[in-house]
Amino acid sequence: FFCPTDHVNANASSKTPTVKSMSPNSNHLSSYQHGSEHEALNLGGGLGGDDYGSAVGVGVSVGIGQSHDDDMQSRDRRLFSSVLDKCRALSIVAVMIALSVSVGWFASDVFSYGGRHRGHNNQVYGDSTEPEQTHQDENVEYTDGHHDGINDRIPNLIWSDEFDGDTVDSTKWTFVNGNGCDVGLCGWGNNELQWYTPSNAHVSQGKLVMTASKFVTGSSASYTSSKIISRGKADFGVPKASSIDGEENSSDNALEMSHRFESKMKLPWGQGIWPAFWMLPTYSSYGGWPKSGEIDIMENIGKEGPNTVHGTVHYGLEWPQHQYSESGITLSPSRSSSPSYTNPIGNLNDTFHTYAVERLPGIIRWYVDDIEFSSTTKEDMMPYHWPFDEDFYFVLNLAVGGNWPGYPNEDSFDGDVTIFPERFEIDYVRVYEDAFPRIAGNSVVDCSERDVVYEIENIETRDTTFTWIVPQNATLKEGQGTSRIVVDFDSSMMGSNGMIDNEVIHVHANHIENHRNPTSIGLSKLKENGIGMRVKITDYDGKCSSANKLSS
């Protein structure tokens, strides 16, 4: 299409084309004339030629004219044939270049808009084989890509027991009987007093109720209670993540591989009463207890009062040379000592509260009422093995007595009398996959530390305003209303013990619009009660203590 036809041969019998003029070493060929018409086509390229010297970067203007000379006709044929061959070669090159540019543009378009995009915290969005999905909500358009720099995780409920029936579901739970002697562990390894029996547990009005009862025979007392386990019926290991862009251990994959184990409960309270929600390994892959691990999601011992709970992991060498990492938190009914925070949650034995553990590869975090109060990592346990990525099952029980909680009070001379029966009520047990919103930032700070950043992660914060509450020993420097704040700590009269503990930074979402996942459980937690982070304010060198301040 781009090259001239062979008018020389086609019109040899009637009209003989010829070259009207030619400058052998010029950069342009003169025009051909065909009658009174001017047919011109500019071809860019290095045509060159032996007959006409070197023509680099030649622009060719070709025309057809009438010849009166047979010798000129022969020469013209040679010229035309040379130009035609070079034109055809150049056309092939031009087509190949055009195809390459088109393919490159198409590939760039596909992989720019349909591929995986990385945003804040290495978040991966999109799908490598399909274009992004576009959402419309009240004329506000946004895509499944970058969301104002914040990742939006969507936790999925993968298992639960809502206790909606009238009996304990035997497809999910197995009762444990006795006092442990039948398995060589009398007193369950802790000198506990209870005898476990199924008759001390029942399901009623959407709740599982475990009861600890006391029986007196002569001068001695005995106790019964209940314990259930999910071994072989609900076992959970760390999910296997698919490789994303070949990054097996990316932060995004770690979030996809996380589990949240959560229960909503109302605790009993009394000296010597020990309710627990915990997990044991399905298989002793690394040896006997506790080499294969133990995860205690929630433990409460009555002698500490109704508002203290503990989270613990056991690991290391076999007992009695075992290791453990434990952290407790004591919550006031207002969550925080901050006088401006007035969201009462009540005592843990008066109302229902949530207790949870999030388990990621190499990380475990503990929560009470969505306040993150402790965490531990694989590095924290070095040089011991981290066994917690294996399959674990649930244990729910209500113990009476033991080495740690002590024993029930029989009379008021030793303190408050333990009143039986004691009730441990469980509203639900749930397992989620993927991560929930949390506050990222330092959980241990110096008493005079400045410009400490706290930020909400794992949730889209588009068109959302937030209310933050910080401890009374801190000042919210900037960011109120946003998902990121800067805090200055100033504990100028913090006492002589070197630490202010059980402080909470809290955030609540109070205005949400155009969220792409309005029914997300993570968003619901932010809207309903908010989320928090326990902060310890330290003064190990004494520069902020009241004694030093007064003496100076």
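1. In this predicted model, Ile-439 has Ile-456 of strand β28 as its bridge partner. The strands concerned are β26, which spans residues 438–440, and β28; they pair in the antiparallel sense over 3 bridges. Strand β28 also has a second neighbour: 4 bridges join β28 to β31 (residues 484–489), again in an antiparallel arrangement. In that pairing, Tyr-454 is matched with Ile-485 of β31. Strand β28 covers residues 452–457 and is mostly covered, with 5 of its 6 residues buried.

2. Ile-439 also belongs to the lining of the second largest cavity, together with residues that include Arg-260, Tyr-367, Asp-370, Phe-436, Lys-525 and Gly-532. The volume of this cavity is about 50 Å³. Two elements, β26 and β33 (531–538), each give two or more residues to its lining. By class, the lining holds 5 nonpolar, 1 polar and 5 charged residues. A search of the whole structure finds 3 cavities of 30 Å³ or more.

3. Lys-525, named above in the cavity lining, lies in helix α4, which runs over residues 521–528. Buried residues of this helix are Gly-522, Leu-523, Ser-524, Lys-525 and Leu-526. After α4 comes Gly-530, with a positive phi near 80°.

4. The largest pocket holds about 1,300 Å³ of space. Its lining consists of 40 residues, and those closest to the centre are Trp-188, Asn-190, Trp-278, Trp-289 and Glu-294. Two or more lining residues come from each of β14 (227–229), β17 (273–281), β18 (294–299), β19 (308–316), β20 (322–330) and β24 (392–400). Strand β17 gives the most, with 5 residues. The lining divides into 20 nonpolar, 13 polar and 7 charged residues.

5. Two of the strands that contribute to the pocket, β19 and β20, form a hairpin with 5 residues between them. They run antiparallel and are joined by 9 bridges. One such bridge links His-310 to its partner Gly-328 in β20. The loop between these strands contains Pro-320, and the peptide bond that joins Trp-319 to Pro-320 is cis, with omega of about 10°.

6. Is Val-309, a residue of strand β19, buried or exposed? Val-309 counts as buried because its relative accessibility is 2%, and the limit for that class is under 20%. Leaving aside residues up to four places away in sequence, Val-309 touches Leu-267, Met-298, Glu-299, Asn-300, Ser-327, Gly-328, Ile-329, Leu-348, Tyr-355 and Val-368. Gly-328, one of these contacts, is also the bridge partner of His-310. Val-309 and Ile-297 are 12 residues apart in sequence, and their C-alpha atoms are 9.4 Å apart in space.

7. Several backbone features deserve a reader's attention. Most residues other than glycine have a negative phi, and most peptide bonds are trans. Besides the bond at Pro-320, which is cis, the peptide bond from Met-382 to Pro-383 is cis, with omega near 10°. Pro-383 is placed in the loop between β23 (371–377) and β24.

8. Two residues that are not glycine have a positive phi: Gln-205, at about 50°, and Asn-502, at about 60°. Gln-205 is found in the loop between β11 (201–204) and β12 (207–217), whereas Asn-502 lies within strand β32, which spans residues 499–512. How is each residue classed by accessibility? Gln-205 counts as exposed because its relative accessibility is 76%, and exposed residues are those over 50%. Asn-502 has 22% relative accessibility and therefore counts as partly exposed.

9. Some totals for the protein complete the note. Its secondary structure comes to 5 helices and 33 strands. Of its 552 residues, 47% count as buried. Among contacts between residues at least 6 apart in sequence, 68% join residues at least 24 apart. The accessible surface comes to about 26,600 Å², and 50% of that surface belongs to carbon and sulfur atoms.

Terms used. Residues numbered from 1 in each chain as written. Predicted model: local features only at pLDDT ≥ 70, side-chain atom pairs only at ≥ 80, totals over all residues. Heavy atoms only, no water. 1 Å grid on protein atoms, 1.4 Å probe; cavity = no way out; pocket = protein on both sides within 12 Å on 5 of 7 lines; lining within 4 Å. Points joined across faces, edges and corners; volume = space filled by probe spheres on them. Nonpolar A, V, L, I, M, F, W, Y, C, P; charged D, E, K, R; others polar. Buried < 20%, exposed > 50% of the residue type's maximum accessible area, 1.4 Å probe, protein only. Pairing = 2+ DSSP bridges. Contact = heavy atoms within 4.5 Å. Areas by Shrake-Rupley, 256 points an atom, 1.4 Å probe, with all protein chains shown as cover.
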